[in-house]
Amino acid sequence: MTSQHSKKKNTFNDQMALDTKDKATRRVIAPYVKIVRKSKGALEKSKEESQKFSFYLHNKPSVLMQDLSSFLSDSVDLASVLQETADVLKVVTKANGVTLYMVDSASEEIYQVPKNVTDERHKVNWKIQKGSTVATYVAYKKEFVLVDDILCDDRFPSGLGYQDDMVKSVLCVPIVTTDGDCYAIVEMYRCVPEAPFSKDDLKISIVVSGWMGAAIHQNRLRLALQKQQELNDYLLDLIKCYFADNVSMETLITEIVKFAKATLGAERGSFFIIDPESSDMTAEVFDEGIDGSEGTTMRKKNIKVRLAKDRSIPGLVARTGVTVNLRDAYNDPRFFTEVEKRTGFITRSILCMPIVSLEKIILGVVQVVNKMNGVVFTSSDENLFKTFSVYCALALHYAKLNDKMHRTDLLNESNLNLLSLQLKPCVHDISNFSKNPEVSIPSGFSDFRWYVSIDEEPIMPQMVYYMIRTVVGFQEVNVHALKEFILTVRKCYRPNPYHNWEHAFNVAHCMYNILLRNKSLFTNVEIKALIIACVCHDLDHGGYTNNFLQKTEQTLSQLYDESFLENHHFQVAMLIYKVIQIFVQLSKTLWQQISAEMKHCILATDLANYFKVRIKLLQISNDQGLDWGNRHHRQLCKAIMMTSCDLSGSCKPYMVAKTLTDNVIKEFYNQGDKEKAMGLTPLSLMDREKSAQIPEDQVNFLNIIVLPCTDLLKSFLPNCADLSAEALLLRKTWQEIIDLKGRKSWRQDDSVVNPIE
């Protein structure tokens, strides 16, 4: 028992083994297996894509987190809290008055904000420097000042910054954070005849200001984390906007400007998209209301702006490609005030930046106006805006790509409509077919050995019609559409030596005979899919192998991951069916099942897939036995059926098989010639200079590919054993031809006696 099991296992291993070390085996399977080979062009393209990726990678949003504490200090107002602290110090130190100054590090100024006044236009500013007021000196030195008599101190020629002859003693302390930033100045004073501030007053003020500095620092850290979360949320929203389906340009730009405004604390934003085709930098303008009251989506203005001639800041940025940061718009000669006069909107500060692609092309301009919680846009804002412009470039690239894809889809639809008209067969052929749909079927038609003759070639459409009618029936078939479908399929086969309409007919004839013998094993869906797939399995075949398409980087090899030709054949079949629907009253679900079956069947004709299927089916047969009720087992069996039909030209009598072999060789040699012309070395099977090996190649082809396939078919469909029998006879004939090589054989001409002259 053990020896029998061992013997069976060894036989199975021999069946599964494919000795790729054998030279003859490699020669036979080489045209059909996948060869991984990158061309120079592919490598250069990959390198270019890598560079583009690196460009965006190096501009990742890490810069958004840089100097975040400084950024937050511009957007978070602590003046009211500090004013309350100053009032407390005034009471504790018994000062006659107190003044709070806020420090603007960007403009290097301090400004006094009177109580209960939040309008920035009421601020009184002083430059941070020595030799001026007490507060500017303290801001400059970041040290306290205690003066008994301000009028007698030469360090402060401007005193407190305003005239008050009654002021005498001054105590001024800075509020400095733990990282060394001076955030505010608290200035207390006593008038004549009050006593000067004491050291105890100084100690209290220093302690309070120190605690306030630490508190501000902690608050900054807290707000930094909060702001970081907000920025992350904005980025996520932006990414969702990039990749959501059917995103309009207005929605996309709204998200971009919203992100910019929230990040920079701006009052208003605008976006300009430059048309790359225009010579004068014509741009579409997207703008919003002052307070966003016009809706959640930015409105696209009906006018277009020629930025090449426009006097606005966006026009200047578009022409120069340089960022502009106006800290005081009305005092800057670059600012054009005519627009302000028409709209009534008051512009205080502007940050405007170009959106530049990797190729250094200006795609657009984005602008934010009026810093809300600060005087001007800072250098930190500019750094944020630089990174933000990268996101803008990505957004514009995506939007333009999306628009291009949409236009391409529309163009493809238009081309398909045109192609649909051209696909339809000649009206005379349709008329002739309709008048003579049925013909006399040749004798032996139900025999696997039968092959169409030259005289019968004109009636091949009628014979296909007969085969479909016999195995499928006409219950769910539009008879007129079926005739048109068959003629259209014939029209879509190219006039190749081998992969042509005649080959498709032969494959369909083989499947017809298999189904005729085993119809009860298959469902109606499977029968329809199998016979139609055979008729369509090589549609629009160019006469070249998948390997050739990959080496020469043809369109199909870039369109599909594998089985390039077979995927294309299926797509052409679907296109024809879309134009000519042969099945009537067929539900969408049922058609999806049929089309899925057809795709599986057509892809099975790729011999690269056959080797995988064969191993799986042998494994199943050896381990658990074939189960027709198992869907996976059925799929493998149908794949072997398709491959057997595709190889059935090698299961014909020698004279038929020899003609078909010559046709295949013609295609192979044509491909080999093209490869030589391209500087490539063709496979030996495709080299016409090695034609002497044709008989040996055919024997190896039968041994390695055809007979293992037909024997496997015979194992689960015994009534199809004739295919294997014919393949064996053909192998024997080819072997005899090999054996006769080099021998002198008798020819009739050798026995003819030449007449005596």
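## Strands 7 and 8

Two strands pair if DSSP finds at least two bridges between them. In this predicted model, strand 7 (residues 266-274) and strand 8 meet that condition, pairing in the antiparallel sense over four bridges. If you would like a place to start looking, take F272: its bridge partner is V285, in strand 8.

Strand 8 spans residues 282-287, and five of its six residues are buried, so the strand is largely enclosed by the rest of the structure. As a general reminder for reading such elements, side chains in a regular strand alternate between the two faces of the sheet.

## The chain as a whole

Stepping back, the secondary structure of the chain comes to 25 helices and twelve strands. The chain has 757 residues, of which 48% count as buried. Its exposed area is about 39400 Å², with carbon and sulfur atoms supplying 52% of that.

How far apart in sequence are the residues that contacts join? Among contacts between residues at least 6 apart in sequence, 67% join residues at least 24 apart.

## Nonpolar cores

In soluble globular proteins, nonpolar side chains tend to be buried together. Here, the largest nonpolar core holds 108 residues, and M598 and M641 are those with the most contacts inside it. Helix 24 (residues 694-716) gives the most to this core, contributing twelve residues. A second core of 24 residues lies apart from it, with F259, I273, A393 and A395 among its members.

M641 is worth a visit in your viewer. Setting aside neighbours within four places in sequence, M641 is in contact with M511, I514, L515, F522, L530, L713, F716 and L717.

## Salt bridges

The count of salt bridges comes to 18. One of them joins the side chains of E597 and K638, at 2.8 Å from N to O. E597 lies in helix 20 (residues 588-603) and K638 in helix 22 (residues 631-646), so this pair ties together parts that are 41 residues apart in sequence. Are these two partners buried or exposed? Both E597 and K638 are buried.

A more local pairing is found in helix 23 (residues 654-677), where D662 and K658 are four residues apart and so separated by about one helical turn. The closest N and O atoms of their salt bridge are 2.9 Å apart. D662 counts as partly exposed because its relative accessibility is 29%, and K658 counts as partly exposed at 27%. Elsewhere, salt bridges that share partners join E526, E597, R634 and K638 into one network.

The side chains of R334 and D332 also meet in a salt bridge, with 3.0 Å from N to O. R334 is partly exposed, with a relative accessible area of 39%, whereas D332 is buried, with a relative accessible area of 16%.

## A nonpolar patch on the surface

Which residues form a nonpolar patch on the surface? They are V88, V92 and I204, and together they have about 220 Å² of accessible area. V92 is placed in helix 5 (residues 79-92). With 41% relative accessibility, V92 counts as partly exposed.

Technical notes: Residues are numbered from 1 along each chain as its sequence is written. This is a predicted model: local features need pLDDT of at least 70, side-chain atom pairs count only at pLDDT 80 or more; totals for chains, interfaces and linings use all residues. Side-chain values use heavy atoms; hydrogens and water are left out. Patches are made of residues with over 30% relative accessible area and no salt bridge: like charges are joined within 9 Å, nonpolar side chains (Val, Leu, Ile, Met, Phe, Trp, Tyr) within 5 Å. Accessible areas come from the Shrake-Rupley method with a 1.4 Å probe; for residues, only the protein chains shown count as cover. A salt bridge is a side-chain nitrogen of Lys or Arg within 4 Å of a carboxyl oxygen of Asp or Glu. Helices (H or I, at least four residues) and strands (E, at least two) are DSSP runs, numbered from the N terminus. Buried means under 20% relative accessible area, exposed over 50%, partly exposed in between (1.4 Å probe, protein chains only). A nonpolar core is a set of buried Ala, Val, Leu, Ile, Met, Phe, Trp, Tyr and Cys residues joined through side-chain atoms within 4.5 Å. Contact means heavy atoms within 4.5 Å.
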